[in-house]
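Open your viewer, switch on side chains and get ready to pick charged residues. We will go from stop to stop, with a selection to make at each one.

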Amino acid sequence: MTPPAVVPAPIDEREFQATIARGRADPTAVRTLRCRTVAQGRLSQLNYIRNLPPQPVMEDEPEGLLGDSTAPNASEALLAALGSCLSIGIHANALGRGIPIRSLELSVEADINTTSVWGSGDLHPKTIGFETIRVAVNIDADASRKTLAALIKHTVLWSPVANTLHNPVHLDVALAPAAAAAA
């Protein structure tokens, strides 16, 4: 069941302009984002982000994949991250262009082959993960469809999550040093 559409809360114009000014003042600034993932039992995980109080993002596999189906799995969380990033970008860019938004909802979906679950099922060569992610943007705003399409195109171009997904990314996964693992 889809919850009723909610009008996105307005963003303070001065804060918005200050954020833009900071980005222009130092275009080489880089932030390191971190997440600590802790296995909880069976196949559920807790992900701790920043120094937030205990509000971990939980992930679990569906019952058909040995989980308890208590939370989204990692692939579903990836879709949620993309949808959230695009939604924020559309909202912020609409504000920057003076386009009031009455409602904004993104439907994000992708197909995944799970027959080789964790490298232990059907191991014949195939694409692992998503090949295509489809996003349908439903937006009610005071702008033409052409303007809204340009807004969405611009948002995708500058979305960190969208760019992470469609650009080659170096992935470095290694066993932690023994001293760090014991801590």
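This tour visits salt bridges and the strands that carry them.

Before you click, note that this is a predicted model, in which local features need pLDDT of at least 70 and side-chain atom pairs count only at pLDDT 80 or more, while totals for chains, interfaces and linings use all residues. Residues are numbered from 1 along each chain as its sequence is written, and side-chain values use heavy atoms, with hydrogens and water left out.

A salt bridge here is a side-chain nitrogen of Lys or Arg within 4 Å of a carboxyl oxygen of Asp or Glu; by this rule there are four.

**Stop one.** Select Arg-102 and Asp-140, whose side chains form a salt bridge at 2.9 Å, N to O. The two sit 38 residues apart, Asp-140 in strand 5 (residues 133-141) and Arg-102 in strand 4 (residues 101-110). Strands are DSSP runs of E, at least two residues long, and helices are runs of H or I with at least four, numbered from the N terminus.

**Stop two.** Keep Arg-102 and add Asp-142: another salt bridge, 2.6 Å from N to O. Asp-142 lies in the loop between strand 5 and helix 3 (145-158), 40 residues from Arg-102. Together, Arg-102, Asp-140 and Asp-142 make up a network of salt bridges.

**Stop three.** Now select Arg-134 and Glu-109, paired at 3.0 Å, N to O, in a salt bridge. This pair links strand 5, home of Arg-134, with strand 4, home of Glu-109, across 25 residues.

**Last look.** Try a surface view: Arg-102 is partly exposed at 36% relative accessible area, and Asp-142 is partly exposed at 49%. Partly exposed falls between buried (under 20%) and exposed (over 50%), using a 1.4 Å probe and protein chains only.
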